[in-house]
Amino acid sequence: MTLSLSLSGPFILFWERLEGIAPKILEVILILVLGFIFAWVAKFLLGRLLKIIRFEDLCDRIGLSTALARANVRRSPSDIFKLIVYWLVIFLVIILSLSALNVQVVNELTSSFVLYLPRFFIAVLVLIFGYFLAKFTARALLIALVNAQVKSAKPISLAVHFMILILFVTMGIEQLGIAKGVMMITYAILLGGVVLALALAFGLGGRDMAKDFLEKKAKTAEKSKKKPDEFTHI
Amino acid sequence: MPRSILSKETKKRVKEYKNADIVVGIPSYNNSRTIAHVIKAVSAGLAKHFAQYRCVIVNSDGGSNDGTLDIVKDTVVEDFSAILIEHPRYPVHKIVTPYHGIPGKGSAFHTIFEIASRLEAKACAVVDSDLRSITPEWVEGLLEPVVSHGFDFVAPLYQRHKYDGTITNSIVYPLTRALYGKRIRQPIGGEFGISKNLVSHFLKDKEIYTTDVARFGIDIWMTTTAVASGFKVCQSFLGAKIHDHKDPGADLSSMMVQVAGSVFNLMERYYAIWARVTHSDAVPEFGFKFEVSTDPVKVNLERMVEGFNQGISDLSTVWEKFLSPDVLTQLRKLAKSNILEFRFPKKLWVRIIYEFALAYHKSVISRHHILGSLTPLYLGRTAAFVNENLESTSVEVENEIERLCLEFEKQKPYFLSHFEKERL
């Protein structure tokens with residue numbers, strides 16, 4: 001009797017604990033199953049919506065498709081968008097299911113992660129905005145400089161493109177809280193360094209070359225001033 | 001009720017005159033060198049040809065600081081005896097007013113149309129203030145078809161230097177002719193005669209004066225609106241057109257953006273009209289045509305070809321987004337030729353304009369960028385046009401422009417099919 005009691009004791013204890021935790025596990029499984037179904041439905045509906053609003057055309061227009069092709073990404077923008085939404089839902093479902101277990105460590109982890117999410121999304125938005133702003137500004141500048149027949153139009157617009165990109169990447173990283181302050185200082189040092197290096201190279205190292213270049217420029221400007229077109233375009 | 005664009009003082013002057021039969025509008029901005037001549041020619045024209053009508057000259061100024069306004073106020077025609085057959089029954093009144101809104105010719109015209117409408121004028125004409133060649137007969141040419149023949153819109157017809165008006169000759173005229181089917185030779189000429197009905201029509205859509213129409217786009221907007229809305233249009237021969245000299249390259253890019261942008265924009269608006277047009281017809285012509293010699297002009301071919309070549313090397317990445325690969329290949333080949341042998345085939349040029357129009361329609365990239373990137377190609381086409389016509393007479397040049405127009409008409413089905421595909 002004593003033996004059987006001592007043997008059944010752990011089983012009873014295990015069973016009692018299992019009884020206590022089982023509803024929670026069932027809850028987790030249910031949340032996961034429903035979550036997966038919901039994620040799949042969301043992905044399917046999103047696909048239909050993107051087709052209706054011609055999302056692919058929009059991505060072509062804003063150059064996103066080209067940018068992805070250049071980066072050797074073989075999936076279409078709408079596929080990527082669907083996947084992002086799908087995995088985001090799955091991720092939220094997992095967090096939700098874990099919080100159902102009500103384990104303190106998991107709770108702390110999930111809450112700190114949830115608190116970090118807005119920062120992450122803002123950083124992504126900053127990067128996307130920066131990418132398009134850099135592209136738009138550089139292209140506008142390139143066209144204006146070519147129309148003004150500035151010879152170094154392409155390098156100037158490229159430089160502006162990368163400056164804006166670096167600035168926004170720095171802002172994005174700053175938003176994520178990685179090496180706060182350091183990134184901004186690095187950017188400032190980089191920018192200052194580039195300007196200083198250019199000034200030194202042009203002013204000291206290439207003094208004669210700079211002189212020749214400016215003289216040549218002035219002569220060209222003088223030459224084209226002497227020979228303006230006299231017809232009207234309209 | 002929408003806010004009036006007229007100042008209190010202008011409204012008061014308009015009320016004083018109550019009504020008028022004819023209004024002639026002169027937009028101005030720093031035109032002190034030429035405006036006195038324009039005012040005198042217009043006054044003399046009104047007195048000579050419309051002596052029995054009550055006429056008002058409206059100067060709509062964009063804030064000149066070179067004394068233009070004082071000159072307008074002080075200019076009077078002292079002696080009509082040399083040109084008059086009969087003494088005018090009414091004095092010619094003048095209204096001098098600043099215009100409001102976006103700085104530009106379109107805003108000036110808006111003010112002129114508003115005054116003409118309030119005065120219930122039967123006919124209205126507009127003339128540029130930088131003209132050196134205007135004569136009293138221009139007033140007759142622009143107004144007579146409206147006053148006596150029931151036309152609603154009179155476009156000018158000039159004798160110009162063979163290299164003059166290249167945006168008109170290579171883009172605006174052939175394209176509007178192919179689209180709307182009316183052979184209006186100077187759709188952005190700057191001088192027009194307009195009926196009372198058409199003035200009211202121009203004033204219906206006030207929002208339009210907040211777009212590029214308020215600037216260089218006004219002329220093509222007026223012409224296209226008149227044609228597409230079914231008004232009776234004609235053209236009148238005025239003689240030689242000589243402007244006050246300005247550096248034409250100074251604002252070429254913005255001019256191109258505004259004019260081409262307005263043409264492309266109007267395509268969207270009047271799609272239902274131009275999609276049905278399959279050929280072009282001549283419009284009635286007034287005036288006695290005569291040959292006029294024009295001063296020779298200097299052309300800097302080197303600068304134009306350089307501009308084109310730079311476009312090919314720097315803007316190809318932009319054009320790749322909307323020009324077809326075969327067009328780009330042909331353009332790259334052109335960039336290799338030397339200046340004197342530089343040619344730009346008509347067929348290629350027409351294809352480019354249609355592909356730019358399609359890109360604008362689809363908004364492949366920013367519309368402003370699409371239009372801005374057209375300038376180097378335009379410079380190339382202009383350089384080739386100059387090269388091809390170094391020895392040509394004005395008649396031969398006109399024949400060359402006619403061939404370009406026919407090419408635009410020939411390629412219109414290609415354009416239409418692609419345009420329609422995008423609308424589906």
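The second largest cavity of this predicted model is lined by B:Thr176, B:Arg177, B:Tyr180, B:Lys182, B:Ile184, B:Pro187, B:Thr223, B:Thr224 and B:Val227. It holds about 60 Å³ of space. The model has three cavities of 30 Å³ or more. The largest of them encloses about 80 Å³, and its lining draws on two domains of chain B. Two helix pairs, one in chain A and one in chain B, complete this briefing.

**Second largest cavity**

- Helices α6 and α8 (218–228) of chain B each give at least two residues to this lining.
- By class, the lining of the second largest cavity counts four nonpolar, three polar and two charged residues.
- B:Arg177 and B:Lys182 are among the lining residues, and both belong to the charged class.
- The nonpolar class includes B:Ile184, B:Pro187 and B:Val227 from this lining.

**Largest cavity**

- Its volume is about 80 Å³.
- The lining is made up of B:Thr166, B:Asn169, B:Ser170, B:Arg381, B:Thr382, B:Phe385, B:Glu400, B:Ile401 and B:Leu404.
- Three elements of chain B supply two or more of these residues: α6 (166–180), α15 (375–388) and α16 (394–423).
- By class, three nonpolar, four polar and two charged residues line the largest cavity.
- Where does the largest cavity lie with respect to domain 1 (8–286) and domain 2 (301–388) of chain B? Both domains contribute lining residues, so the cavity lies between them.

**α6 of chain B at the cavities**

- Helix α6 (166–180) of chain B gives two or more residues to the lining of the largest cavity.
- Helix α6 of chain B also supplies at least two residues to the lining of the second largest cavity.

**Helix pair in chain A**

- Helix α4 (residues 77–101) and helix α5 (residues 104–147) of chain A pack with their axes 9 Å apart.
- Their packing angle is about 150°.
- Angles over 145 degrees count as roughly antiparallel, and α4(A) and α5(A) are therefore roughly antiparallel to each other.
- The crossing of α4(A) and α5(A) is left-handed.

**Helix pair in chain B**

- Helix α2 (residues 35–49) and helix α5 (residues 136–149) of chain B pack at an angle of about 60°.
- The axes of α2(B) and α5(B) are 7 Å apart.
- The angle makes α2(B) and α5(B) oblique to each other.
- α2(B) crosses α5(B) in a right-handed sense.

Definitions and conventions
Residues numbered from 1 in each chain as written. Chains lettered and ligands numbered in written order. Predicted model: local features only at pLDDT ≥ 70, side-chain atom pairs only at ≥ 80, totals over all residues. Heavy atoms only, no water. 1 Å grid on protein atoms, 1.4 Å probe; cavity = no way out; pocket = protein on both sides within 12 Å on 5 of 7 lines; lining within 4 Å. Points joined across faces, edges and corners; volume = space filled by probe spheres on them. Helix = DSSP H or I, 4+ residues; strand = E, 2+ residues; numbered from the N terminus. Domains from an automatic or database assignment. Axes fitted to C-alpha atoms, helices over the stretch in contact; angles between N-to-C directions. Parallel < 35°, antiparallel > 145°, perpendicular 65-115°, else oblique. Left-handed = near helix turned anticlockwise from the far one by under 90°.
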